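Colleague: Got a minute? I'd like to walk through this one with you.

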Amino acid sequence: MSYRLLSVDKEEPGLKERNYLGLSDCSSVDSSTIPNVEKSNLNFKATELRLGLPESESPERETDFGLLSPRTLDEKLLFPLLPCKDNTSATTGHKNVVSGNKRGFADTWDEFSGLKGSVRPGGINMMLSPKVKDVLKDERSHAKGGGLNNAPAAKAQVVGWPPIRSYRKNTMASSTSKNTDEVDGKPGLGALFVKVSMDGAPYLRKVDLRTYTSYQQLSSALEKMFSCFTLGQYGLHGAQGRERMSEIKLKDLLHGSEFVLTYEDKDGDWMLVGDVPWEIFTETCQKLKIMKGSDSIGLAPGAVEKSKNKERV
Amino acid sequence: MNYFPDEVIEHVFDFVASHKDRNSISLVCKSWHKIERFSRKNVFIGNCYAINPERLIGRFPCLKSLTLKGKPHFADFNLVPHEWGGFVLPWIEALARSRVGLEELRLKRMVVTDESLELLSRSFANFKSLVLVSCEGFTTDGLASIAANCRQLRELDLQENEIDDHRGQWLNCFPDSCTTLISLNFACLKGETNVAALERLVARSPNLKSLKLNRAVPLDALARLMTCAPQLVDLGVGSYENEPDPESFVKLMTAIEKCISLRSLSGFLEVAPLCLPAFYPICQNLISLNLSYAAEIQGNHLIKLIQLCKRLQRLWILDSIGDKGLAVVAATCKELQELRVFPSDVHGEEDNNAAVTEVGLVAISAGCPKLHSILYFCKQMTNAALIAVAKNCPNFIRFRLCILEPHKPDHITSQSLDEGFGAIVQACKGLRRLSVSGLLTDQVFLYIGMYAEQLEMLSIAFAGDTDKGMLYVLNGCKKMRKLEIRDSPFGNAALLADVGRYETMRSLWMSSCEVTLGGCKRLAQNSPRLNVEIINENENNRMEQNEEDEREKVDKLYLYRTMVGTRKDAPPYVRIL
C-alpha cells in the first residue's frame with residue numbers, strides 16, 4: 001500500500017529532521033504500543049510507520065509506563081517455568097498450616113516494608129511461610145526502586161487510561177465546554193473523540209481533538225497515523241500557518257500523494273479542514289475524512305483552485 | 001423425577017432461572033438435557049465468538065431472549081481498534097432464517113448496523129425488547145425501522161452507544177397504534193429531538209415506566225411529559241441550561257410531586273443547579289440516583305439533594321462531591337449497596353482539593369453496611385484506608401479502585417498498596433470482581449491467588465514485577481473467568497505455564513506486556529479450542545519483511561475459548577494463530 005512511501009524515508013539521512021513542524025520530540029509517539037523498546041531505538045521507530053492508537057500520537061506525551069523492571073527484559077526468554085511449582089508448594093504449604101503460626105497482619109506488614117510505620121493496622125491475620133517471604137522481600141526492594149522512579153508526570157496521556165468509556169469522556173466534554181466561563185476554569189474531562197477515516201485504509205481511527213491545540217498538531221498526528229496524506233492548503237488560511245506553507249508543499253512533493261483532510265460539520269456538510277479558526281473547528285467537527293484530492297473538488301469554494309495549485313507545484 | 005411426564009419436569013424447570021443452574025440441569029441426564037433444551041427461553045452468550053448462531057439455534061430452538069457480548073472489556077477504553085469484530089448481523093440473519101420466535105435482544109459492545117436493525121424489525125412479529133449497551137455502527141435510521149415495524153415493542157433501551165444522529169424523525173415513526181411502550185431510553189442521542197412527537201408518544205403509552213431523555217429535551221417539555229406520565233418509575237432528565245423562570249419551576253415541581261412512583265433518577269447532563277430543588281419532593285422515594293454526568297453541579301448542591309435520599313441503594317456520582325459529600329452519603333444512605341465515583345477531571349491538571357481521597361472511601365465503608373459494589377476513582381490511597389475498608393465491609397462482591405496515576409504508592413508511607421488490596425481479598429470472601437491500581441508488586445497477586453477464591457474477573461494495569469504475579473493468580477483463582485492485563489511485565493513463562501487453564505475461562509487479554517509472538521504461537525499450537533488473536537497494528541509492515549521475529553513482543557493478545565474455531569470476520573490487522 002501507500003505505506004511503502006515511508007520506508008523510502010527511512011534510508012534518508014536526517015530522520016530526526018522530519019519533525020520540521022516544530023513539534024517536540026516525537027519519539028514518544030509509539031511508546032504505548034511498544035513500551036519495552038529501549039530508548040535508543042525510539043527515535044528510529046518514530047520515523048517508521050507506526051499505527052498506534054490515536055491518543056498515543058500526542059507529541060508532548062511522556063513515555064516509560066511499561067518499564068517497571070528493566071532487568072526482566074533480557075530474562076524473559078530464559079525465565080524458567082520452575083516458579084510455578086515453587087508457588088504451588090508455597091501456597092498450599094501455608095494454607096495447610098493455618099492453625100499454627102498465625103501472625104498479626106501488622107507484623108508481616110512491618111517485615112515486608114522494612115519500615116516501622118506509624119500506622120498499624122490490626123485485626124487481620126496473615127501469614128506466609130518464611131521461604132515465600134524472603135523471595136518476595138527481595139523482589140520488593142527491586143520493585144520499589146523501579147516503581148517509584150518510574151512514576152511519570154500526571155499530565156502524560158496513556159492510551160485508554162484512566163479507564164473511562166469514551167462515551168463518558170465525550171459527553172462530559174461537551175457539557176463542560178459550554179460553561180467554561182462559569183465554572184472556575186475547571187477543564188473537566190476534556191475529551192472529544194471523532195472518527196477519522198481514510199480512502200483506501202482498511203480501518204478507521206479515533207482521535208481526541210482536545211489533545212491538540214492547532215491544525216499543525218492534528219495534521220502531524222494524523223499523518224503519523226495514516227502516513228501519507230496531504231493537508232489541504234490550510235496553511236494558506238490559518239493565521240499561524242503562513243510560515244509553514246512552503247514546508248507543507250515540500251512535504252507534498254516528497255510524498256507525492258494527493259490526499260486532503262476534510263471534516264463533517266454539525267450540519268452534515270463536508271468541509272475542507274483549515275478554513276475556520278481552530279476553536280470553532282473543534283466545536284463543529286463531527287468526523288474527519290482523508291479524501292483523495294480528486295474527490296474533494298467542489299467541497300469548499302476554493303477547493304478546485306487549491307488542487308490546481310498543488311499540481312502546479 | 002424419572003416417573004414424571006416431561007411436561008411436569010418442564011414446569012419444574014420453569015422455576016429455575018439462572019443460566020448457571022439451567023446449564024447444570026442439562027448435564028444431569030439425556031432426558032433432562034432434551035427437556036431443558038426445548039424449554040430454554042433465555043440464552044446468555046458472554047462471547048459471541050465462542051459459539052455460532054447455527055449451533056445456538058440447533059440447541060435452543062425455542063429461545064425467546066438472547067444476550068450477546070462482543071468486544072472485550074478493554075474496548076471501552078479504546079484499546080481495541082475499530083472493525084475488530086462483534087457484528088450482530090449474522091446472528092439476526094440466522095435467527096430470522098430459522099424462524100426463531102425472538103422477543104428480546106440484548107447486546108453489549110457489538111457492532112450493529114442499520115441493516116441489522118431493519119432486518120430485526122421485520123423478522124420477528126413478537127419482538128418486544130431491544131437493549132443496546134456500548135454498541136456502535138448504527139444511526140437514527142435504524143431506530144426508525146424499529147419504531148415503525150415492531151408492533152409489540154415494549155422496550156427500547158439505548159445505553160451509552162455511539163449513534164450517528166441523522167436528526168431524522170425516528171420518534172415520529174412509532175405508529176399511532178403503538179401503545180405498549182414500557183421503557184424508552186434515548187439519552188445517548190446527541191441530536192435534536194422532536195419533542196411534540198415524544199409528548200404524543202408518552203401520552204399514548206399508559207404502561208410507560210422508564211423514560212430517559214437526551215439533552216435536547218428542555219425543562220418545560222419535561223414538566224409536560226411528567227404530567228402525562230405520573231406513573232413513571234425511572235426518569236432520565238435532559239438538560240436545562242438556564243435557570244428556570246419561577247413559573248416553569250413551579251410547573252416542574254408540581255409535575256414531579258405527582259410522580260410518587262419515581263424510584264430512579266438520572267441524566268442531568270446540563271443542569272443549572274437551581275433546578276435541583278424541584279426534585280426534592282420525591283428524593284425520599286429514590287433508590288437509584290445517577291448524577292455522574294452532571295458536571296456543573298457543585299458539591300454542596302449535590303449534598304443538599306442527597307441528604308434527602310434516605311432510601312438510596314445505588315448512587316453514581318462525580319468526585320466533585322468530595323470527601324465531605326461522601327461523609328454525608330455515609331450518614332444518610334444506610335441502604336446503599338452500590339457506589340460509583342467517577343472523576344470529573346481526568347488529566348490531573350487541576351490541583352483539585354474537592355476530589356475524593358481515601359478518607360471518603362473509609363467513611364462510606366463505615367457508614368454503609370450493605371455496600372457490596374464499588375467503583376472508585378481517586379488520586380491517592382493508603383494501605384491503612386484499604387485495611388479499614390476491608391474490616392468495615394467484608395461483603396464486597398465488586399471492588400474496583402482506580403488511582404488515576406499509574407504506579408502511585410501509598411501517599412503517606414510510600415509503600416506499595418499490596419497490603420491494602422491483600423486485606424480486601426482476605427476479608428471479602430465473596431469477592432467476584434476486582435480491579436487493582438497504584439503501585440503493586442507480585443505480592444498483591446500472591447494474596448489474590450491465596451484468598452480470592454470466588455474471583456471471576458480481575459483487571460490489572462501497571463502492576464506486578466515478574467511472571468510470578470500472573471502465575472499466582474492463575475494458580476490460585478480457580479473460578480477466574482475473565483482476566484485482563486495491561487502494561488504489566490508478565491511474559492511467556494506465565495502465559496504458557498498452564499495452557500489448559502484457559503479453557504476454563506471465558507477470555508484473557510494482555511496488552512503491552514512481555515509476551516512474544518513465539519510464546520503466543522506455542523500457546524495456539526496445542527489449543528484447538530482456543531482462539532489466540534494477536535493485534536499488532538503495524539502488521540502490514542511486518543508481513544512485507546520476510547522473516548517473522550518470534551521474539552517480537554505482541555502489542556495485544558486476546559484469547560478466548562470457542563467451540564467453533566477461527567472466526568472468519570477478523571480484519572487484516574488481527575492475526576489468529
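Modeller: Sure, we can go through a sheet, a helix, the cysteines and the domains. Keep in mind that this is a predicted model.

Colleague: Start with the sheet in chain A. In what order do the five strands run?

Modeller: The order is E2-E1-E5-E3-E4 in chain A. The sheet is open, and its pairing is mixed.

Colleague: Which strands stand at the edges?

Modeller: Strand E2 (205-208) and strand E4 (270-272) of chain A. Each has a single partner strand, so one side of each lacks a neighbour in the sheet.

Colleague: What does the twist average from one strand to the next?

Modeller: It averages 35°.

Colleague: And in what sense do E1(A) and E2(A) pair?

Modeller: Antiparallel, over four bridges, with E1 of chain A spanning residues 193-198. Within that pairing, A:Val196 has A:Arg205 of E2(A) as its bridge partner.

Colleague: Switching to chain B. Which residues of helix H3 are buried?

Modeller: B:Trp32, B:Ile35, B:Glu36 and B:Ser39 are buried in H3, which covers residues 30-39 of chain B. Those residues span an arc of only 100° around the axis, which means they sit on the same side of H3(B).

Colleague: What covers them?

Modeller: The cover includes three helices of chain B: H1 (6-13), H2 (19-25) and H4 (53-59).

Colleague: Now the cysteines. How many disulfides are there over all chains?

Modeller: Zero, from a search of the whole structure. Take B:Cys135: the nearest cysteine sulfur belongs to B:Cys188, 9.8 Å away. B:Cys135 is also buried, at a relative accessible area of 1%.

Colleague: Why is there no bond from B:Cys402 to B:Cys378?

Modeller: Because the two sulfurs are 7.7 Å apart, too far for a bond. B:Cys378 holds the closest cysteine sulfur to that of B:Cys402. B:Cys402 counts as buried too, with 5% relative accessibility.

Colleague: What about B:Glu162, buried or exposed?

Modeller: Buried, because its relative accessibility is 19% and the cut-off is under 20%. B:Glu162 lies in strand E7 of chain B, residues 162-164.

Colleague: What is B:Glu162 in contact with, beyond its neighbours within four places in sequence?

Modeller: Residues from both chains. From chain A there are A:Ser166 and A:Lys206. From chain B there are B:Cys135, B:Glu136, B:Gly137 and B:Phe138. So B:Cys135, which is buried, turns up again here.

Colleague: Last one. How is chain B divided into domains?

Modeller: Domain 1 is 1-40, and domain 2 is 497-538 + 549-576. Their centres, taken over C-alpha atoms, are 36 Å apart.

Note on methods
Residues are numbered from 1 along each chain as its sequence is written. Chains are lettered from A and ligands numbered from 1 in the order in which they are written. This is a predicted model: local features need pLDDT of at least 70, side-chain atom pairs count only at pLDDT 80 or more; totals for chains, interfaces and linings use all residues. Side-chain values use heavy atoms; hydrogens and water are left out. Two strands pair if DSSP finds at least two bridges between them. Helices (H or I, at least four residues) and strands (E, at least two) are DSSP runs, numbered from the N terminus. Axes are lines fitted to C-alpha atoms, for helices over the stretch in contact, and angles run from 0 to 180 degrees between N-to-C directions. Domain bounds come from an automatic or database domain assignment. Buried means under 20% relative accessible area, exposed over 50%, partly exposed in between (1.4 Å probe, protein chains only). The arc is that of the directions from the helix axis to the C-beta atoms. Contact means heavy atoms within 4.5 Å. A disulfide is a pair of cysteine sulfur atoms within 2.5 Å.
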